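Me: Hi! Could you walk me through the interface in this one?

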Amino acid sequence: MSRLTIEASTPLCLLQDAGRFGVRHLGVTQGGAADWRSMSWANWLLGNGLDLPVIEITLGGFAVLAEEDCLLALAGADLGAQIDGQPLAPWRSFTLHKGQTLKFTQPLLGARAYLAAPGGFDAPKVLGSSATVVREELGGLDGMGLPLAKGAMLSYHGETLLVRDMPLAHRPDFRLNAPLDLVLGAQIGQFSGQSLFDVFNSAWTLDSRADRMGIRLLGKPLQYQGQPMISEGIPLGAVQVPPDGQPIVLLNDRQTIGGYPRLGALTPLALARLAQCLPGTRVRLRPVVQDVAHCEHIKYLQRFRNS
Amino acid sequence: MNPRIEVVALDCLMLRLFDDIAEANMPWMLAASERLRGVFGAQLIDLVPSYTTLMVHYDLTLLNPNQARELIAEALIDLSPNAQAGGQCHVLPVWYDLSVGPELRVLAERSGLAVEEVIRRHSAREYQVFALGFAPGFAFMGLVEEMLAAPRLNTPRKKVAAGSVGIAERQTAAYPVVSPGGWNLIGRTPAKLFDRHRDGYSLMQPGDTVRFEVVSHAEFIHLGGDDTPLEALA
């Protein structure tokens, strides 16, 4: 077993995995890493299953001290990570030697960094997952949904079978300004013609009102002209439009059902990019049909197998 | 019933069975759920039922959207309402009191009924669980009689105590854990609505029926209830 002591943390530093599945009919949310892609690469770098428990560090303010030599991997945002003051770039595995401190200072590029350990960090599974959902008091180190706290001990038991280097071409570029793909949903035709034009032809600014439940987009108000809806299941990435006309992208910790009309849902790859954007970022949306998005996603997943 | 399959996300389809909320939907919803779980098997990640819809979240590494549509269509062939509809019947003890249910007075004023009569009427009916959502184990139940219907609070409370029983429009529900909430509160139940150690986790499931039983303060405490007044939580 290898251990690390948490020397600094914030309420935004959480143990996460791919999420909690098979219980959404009970009102239990999905949870899981907001940027599934970076989480997957962090695990991949150590030869782990892609969905094993990792540490999600949002914006920084996190530090760990190695109690033994620890082999770790870092992917996702560049949060100004340093080992005893020496900069550490993401998208790589590294050894944190006994007595060394790994510290995340401030967001330099992106918003969320993922720290992985061989075999995943130790945490109990609650309803099938270790994903921390604070609101539901589920998951995390003690299973009760608490964020990672100063003084707590992280541990892992896994052996490293294979340390890999990530092909440069596969590193996600968080500067990339391509539009976010939106799979069109059933209510799309019930927005006004002007709204349909505005959705895809104007920029949307990420509001500071953003958390793991959802991110609000600010821009020209959209107008829904259909009937009021009865609450129904909401998928990950759903873009719902409340009466004020300002869309909200629903993320991992969203409520399981809801009654606002939706434009559709962002693709998982678009969501992974959105999860790395800071408030104030301007984004554009691009319509995509389900079949095309499906094929692109399957193609992306092959990178984890073929690299 | 007029089933339609709609796109909701890359790996999710919505099966829309009805257009309105009705108690008569439930046997069909239960039958469709069972069929969907059967035909999808391990290819199903989650099935999210609501009042009139079933959202199918399938494993995109095993199925493409067309294959998922075909499976849904297959599940609907010769569908007939589930004869066992009704599920379990639960009796939830409730301590109706102004200290834990301040909107008892509001509902009384709106309806012109005495507070005691509001309590009697709320506890007289058997309700159906339409859907779970909002929070783990939070069951949307109905329908409460028209006289007791009331819109949600203009400003939701930041903290509603666990076990709080409320009314919104013609629905009623109990909060499983402390959470924000905008329902009109009328009482509190000591029942544990969500328990990670219970088989099935949630006390109530869609299709179950529920009756609220009036209990005294002493019984409420005896059953493990927490009588901390609502204001003390704010």
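Reply: Happy to; below we go through how chain B and chain A meet, in a model that is predicted.

Me: How far can I trust it, what are the scores?
Reply: The model has an ipTM of 0.96 and a pTM of 0.94. Chain B averages a pLDDT of 94, with 98% of the residues at 70 or above.

Me: Nice. How many residues does each chain bring to the contact?
Reply: Chain B brings 46 residues and chain A brings 41 residues.

Me: And what area is buried between chain B and chain A?
Reply: About 3400 Å², and carbon and sulfur atoms give 63% of that.

Me: Which three residues of chain B supply the most of its share?
Reply: Leu10(B), Asp46(B) and Arg196(B), which together supply 20% of the area that chain B buries against chain A.

Me: Switching to charges: how many salt bridges are there between chain B and chain A?
Reply: There are two salt bridges. In one of them, Asp46(B) pairs with Arg24(A), and the closest N and O atoms are 3.2 Å apart.

Me: How many residue pairs are in polar contact across the interface?
Reply: The count is 12 residue pairs, taking those with both residues at pLDDT 80 or more.

Me: Which elements of chain B give two or more residues to that side?
Reply: They are the strands β1 (4–9), β2 (12–16), β3 (44–49), β4 (53–58) and β6 (126–132), plus the helix α2 (65–76). The largest share, five residues, comes from β3(B).

Me: Last one: what classes of residue make up the side of chain B that touches chain A?
Reply: That side has 27 nonpolar, 12 polar and seven charged residues.

Conventions: Residues numbered from 1 in each chain as written. Chains lettered and ligands numbered in written order. Predicted model: local features only at pLDDT ≥ 70, side-chain atom pairs only at ≥ 80, totals over all residues. Heavy atoms only, no water. Contact = heavy atoms within 4.5 Å. Buried area = accessible area lost by both parts, 1.4 Å probe. Salt bridge = Lys/Arg side-chain N within 4 Å of Asp/Glu carboxyl O. Polar contact = N/O pair within 3.5 Å; in protein donor to acceptor, adjacent residues only side chain to side chain. Helix = DSSP H or I, 4+ residues; strand = E, 2+ residues; numbered from the N terminus. Nonpolar A, V, L, I, M, F, W, Y, C, P; charged D, E, K, R; others polar. pLDDT = per-residue confidence, 0-100.
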